[in-house]
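Student: I would like to take a close look at a single part of this model. Could you walk me through one strand and its surroundings, and then through a charged residue elsewhere in the fold?

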Amino acid sequence: MPTGVGKPFWLLAELTYRCPLQCSYCSNPLDLKNTGPELTTDEWIRVFEQGRKMGAAQLGFSGGEPLLRQDLEILIREARRMGYYTNLITSGLGMDGRRVADFHAAGLDHIQVSFQASSEELNNRLAGSHKAFAQKLAMAKEVKAQGYPMVLNFVIHRDNIGEIDKIIELSIELQADFVELAIAQYYGWAFINREHLLPTREQLQKAEAITNEYRARLNGNGPKLIFVTPDYYEERPKACMNGWGNIFLTVAPDGTALPCHSARELPIDFPNVRDHSLEDIWYRSTGFNHFRGYEWMKEPCRSCDEKQKDFGGCRCQAFKLTGDANNADPVCGKSEHHHKIVQARTEADQLAVGGDAATPLLARNVHNQEAALAIIARSR
């Protein structure tokens with residue numbers, strides 16, 4: 001057992017990569033066709049039992065769209081029996097009042113409903129579904145009516161950042177308790193569509209100022225607004241996932257165990273829960289020990305006095321932008337690759353005034369998979 005390794009506190013069960021939406025910023029892998037078969041109900045329950053025995057307290061149900069799993073109520077009930085605090089992260093598509101009631105009866109603690117925008121036209125265009133907005137509105141209201149806290153998530157990017165005030169107004173109208181205004185982070189499909197998504201610094205600052213104005217106006221008498229800034233406009237990286245293999249454990253639909261939901265894109269052989277116990281995976285696997293500690297670090301991280309605070313930043317981001325996951329996160333101003341972040345900001349400024357993107361906008365679906373992988377190959 002590695003020295004100083006704690007317990008996995010947060011277990012994320014990505015139940016499926018299937019999804020009725022085609023969001024261009026989806027963090028799911030680009031290679032949607034070539035993953036293994038989804039874990040069965042019994043296999044998921046065994047994973048939950050092992051995680052709880054190790055000390056995991058929070059269990060998130062995610063995807064893709066987890067509502068597409070017909071055994072979701074069973075999984076919720078079993079997780080409740082084990083003592084987890086459970087959270088469903090959903091688009092709302094595939095849910096109705098009866099299913100919300102079934103989730104409540106099974107013991108689900110928390111439901112987060114995602115929106116793409118505040119207007120029906122833009123929301124449906126971004127989601128790739130002409131029914132999405134109406135369904136989301138109905139389900140957000142149903143979740144609130146059945147006694148759950150109203151938790152909404154909006155991924156913010158160039159197409160919708162200009163209506164941040166309308167997004168907040170919709171949240172107030174829906175009597176939301178918490179609203180996450182999360183500026184897109186660039187992994188999975190969001191990375192290949194970054195030219196179309198990354199807002200300018202001016203757009204970002206204006207959106208944050210509007211959010212702060214609403215916070216002051218509401219003065220605690222409305223939704224709590226959580227504004228999540230993007231890495232690309234920072235000069236120091238965040239402590240990604242609070243450190244590699246520190247508190248967070250993801251299990252992908254096919255059973256691949258990961259330190260974060262984007263890590264399967266790294267050139268690392270990650271273990272599978274069908275072949276190994278969670279305890280063995282967490283404490284002894286090469287995949288989970290790969291970036292623990294500081295010995296793996298290259299300069300400037302190795303001698304940096306901030307390495308205990310940010311752990312060198314995001315390994316996935318380092319790999320995507322430099323081709324070497326051992327490099328410093330290029331977000332960091334000390335990185336020799338920081339110019340790639342600066343270049344992305346410059347491109348965002350140019351595109352905001354009518355420049356042409358070098359790559360097409362690709363919706364998240366299997367038909368665009370080969371084109372997406374080709375863009376990734378050219379970017380390194």
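**Strand β5 and its surroundings**

Tutor: Helix α2 (residues 72-82) lies across β2 (58-62) and β3 (85-90), and its direction makes an angle of about 175° with β2. With the caution that this is a predicted model, a similar description holds for helix α5 (residues 132-145), which lies across β4 and β5 and runs at about 155° to β4.

The strands named here belong to an open sheet of nine strands with mixed pairing, in the order β7-β6-β5-β4-β3-β2-β1-β8-β9. At the edges stand β7 (224-228) and β9 (257-258), each with a single partner strand, so one side of each is left without a neighbour in the sheet.

Strand β5, by contrast, has a partner on either hand in that order, β6 and β4. Four bridges join β5 (residues 151-156) to the parallel strand β4 (residues 110-115), and within this pairing Phe115 has Phe154 of β5 as its bridge partner. Towards β6 (residues 178-183), which also runs parallel to β5, there are six bridges, and here Val151 is partnered with Phe178 of β6.

In a regular strand the side chains alternate between the two faces of the sheet. In β5, Val151, Asn153 and Val155 point one way, while Leu152, Phe154 and Ile156 point the other way, and all of them are buried. Because six of the six residues of β5 are buried, the strand is largely enclosed by the rest of the structure.

The charged residue to consider is Glu65, which is located in the loop between β2 and α2. Glu65 is buried and yet has no salt bridge, since the nearest side chain of opposite charge, that of Lys136, is 6.8 Å away, whereas a salt bridge requires the nitrogen of Lys or Arg to lie within 4 Å of a carboxyl oxygen. What the side chain of Glu65 does make is a polar contact with the side chain of Ser91, at 2.7 Å. Leaving aside neighbours within four places in sequence, the residues in contact with Glu65 are Thr16, Arg18, Cys19, Pro20, Thr90, Ser91, Gly92 and Leu93.

Terms used. Residues numbered from 1 in each chain as written. Predicted model: local features only at pLDDT ≥ 70, side-chain atom pairs only at ≥ 80, totals over all residues. Heavy atoms only, no water. Pairing = 2+ DSSP bridges. Helix = DSSP H or I, 4+ residues; strand = E, 2+ residues; numbered from the N terminus. Contact = heavy atoms within 4.5 Å. Axes fitted to C-alpha atoms, helices over the stretch in contact; angles between N-to-C directions. Buried < 20%, exposed > 50% of the residue type's maximum accessible area, 1.4 Å probe, protein only. Lys, Arg positive; Asp, Glu negative; His and termini not counted. Polar contact = N/O pair within 3.5 Å; in protein donor to acceptor, adjacent residues only side chain to side chain.
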